[in-house]
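Let's take a tour of a protein model together. Have a look at the sequence and the structure below, and then we'll go through them piece by piece.

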Amino acid sequence: MLSFTILAITFGVVFLAELPDKTALAGLMLGTRYKAAYVFAGVAAAFAVHVALAIAAGSVLTLLPHRLVQAVVGVLFLAGAAMLLLKKDDGEEERIKAPADQSFWKVSGAGFTLILIAEFGDLTQIMTANLAARYDNPLSVGLGAVLALWAVAGLGIVGGRTLMRYVPLRLITKVAAGLMLALGCFSLYEALAG
């Protein structure tokens with residue numbers, strides 16, 4: 001059953017965590033070189049695959065005792081918050097090999113491949129698995145995560161430069177870390193109190 005509350009929580013957490021990620025910058029680079037719709041198609045498909053894998057992993061976690069899952073989820077959220085806060089911006093640019101032509105399959109394939117490789121085991125994929133385990137509602141979590149990732153990809157492809165001009169990346173990172181910290185503390189509280 002679809003829960004708009006869980007969908008909204010997932011969307012917010014994943015959106016904020018993905019916004020400062022290198023993937024948004026890679027989408028921006030691809031979007032400046034190629035037709036935005038073609039890039040988005042490939043990137044969106046790759047994100048859908050990642051969310052499906054994360055939901056499957058999170059669903060397996062629900063088979064474990066509830067208190068143990070809450071404790072593990074809480075620790076992982078706290079680790080994710082620490083990773084965001086301690087992450088150093090090394091200024092490295094993603095190296096993207098340009099497709100030889102501008103055909104739909106070449107451009108979307110390049111976007112799909114880049115995101116599939118770059119995002120495997122990424123923080124947002126782990127967070128999505130955590131949220132799937134926490135809420136035991138794969139449909140709401142999956143939909144919230146996919147929509148958040150697609151929104152970030154769209155922003156990166158179409159308007160990333162403008163957004164970063166008005167909203168500092170450091171602020172976005174701190175807000176995402178704060179949300180993850182709150183979710184981690186809440187999960188640990190539930191594990192200990194339950």
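How many salt bridges does the structure hold? Just one. Before we go on, keep in mind that this is a predicted model.

## The one salt bridge

The two partners are R134 and E190, and their closest N and O atoms sit 2.9 Å apart. This pair ties together distant parts of the chain: R134 belongs to helix α6 (residues 123–135), E190 belongs to helix α8 (residues 169–193), and 56 residues separate them.

How do the two partners fare when it comes to accessibility? R134 has a relative accessible area of 11%, so R134 is buried, because anything under 20% gets that label. E190 comes in at 30%, so E190 counts as partly exposed.

## The overall build

Now zoom out. The protein has eight helices and zero strands, so if you read along the sequence you get the pattern α-α-α-α-α-α-α-α. There are 194 residues in the protein, and 43% of them count as buried.

## The nonpolar core

What about the largest nonpolar core? This core has 32 residues, and the ones with the most contacts inside it are V14, V39 and M127. Several helices chip in: α1, α3, α5 (104–118), α6 and α7 (138–166) each give two or more residues to this core. The largest share is from α7, with eight residues.

## Rings that pair up

Next, the aromatic rings. The structure holds four aromatic pairs. One of them is F11 with F15, a stacked pair with 5.6 Å from centre to centre and 15° between the planes. Why do these two count as stacked? Their planes are 15° apart, and planes under 30 degrees apart count as stacked. As for where they sit, F11 and F15 are four residues apart in helix α1 (residues 4–18), which means about one helical turn separates them. F15 is buried, at 18% relative accessible area, whereas F11 is partly exposed, at 29%.

Another pair is F104 with W105, and this one is edge-to-face: the centres are 4.9 Å apart and the planes make an angle of 80°. That label follows because an angle over 60 degrees counts as edge-to-face. F104 is partly exposed, with 30% relative accessible area, while W105 is exposed, with 70%. These two also belong to a cluster, in which ring pairs link Y38, F104 and W105.

## A cavity inside

Finally, let's look for empty space. The count comes to two cavities of 30 Å³ or more. The second largest cavity holds about 40 Å³ of space. Which residues line the second largest cavity? They are F47, H50, V51, A54, E119, T124, Q125, T128 and L149.

Two elements, α3 (36–61) and α6, give two or more residues to this lining. The largest share, four residues, comes from α3. Sorted by class, the lining of the second largest cavity has four nonpolar, four polar and one charged residues.

## Putting it together

Try finding these features in the structure yourself. You could start with helix α6: R134 of the salt bridge sits there, and α6 also gives residues to the nonpolar core and to the lining of the second largest cavity. Then move on to α3, which gives residues to that core too and the largest share of the cavity lining.

Conventions. Residues are numbered from 1 along each chain as its sequence is written. This is a predicted model: local features need pLDDT of at least 70, side-chain atom pairs count only at pLDDT 80 or more; totals for chains, interfaces and linings use all residues. Side-chain values use heavy atoms; hydrogens and water are left out. Rings of Phe, Tyr and Trp (its six-membered ring) pair if their centres lie within 6.5 Å; planes under 30 degrees apart count as stacked, over 60 as edge-to-face and the rest as tilted. Buried means under 20% relative accessible area, exposed over 50%, partly exposed in between (1.4 Å probe, protein chains only). A salt bridge is a side-chain nitrogen of Lys or Arg within 4 Å of a carboxyl oxygen of Asp or Glu. On a 1 Å grid over the protein atoms alone, a cavity is a set of points where a 1.4 Å probe fits but cannot get out, and a pocket is an open set with protein on both sides within 12 Å along at least five of seven lines; lining residues have an atom within 4 Å of a point. Grid points are joined across faces, edges and corners, and a volume is the space filled by probe spheres set on the points. Ala, Val, Leu, Ile, Met, Phe, Trp, Tyr, Cys and Pro count as nonpolar, Asp, Glu, Lys and Arg as charged, and the others, Gly among them, as polar. A nonpolar core is a set of buried Ala, Val, Leu, Ile, Met, Phe, Trp, Tyr and Cys residues joined through side-chain atoms within 4.5 Å.
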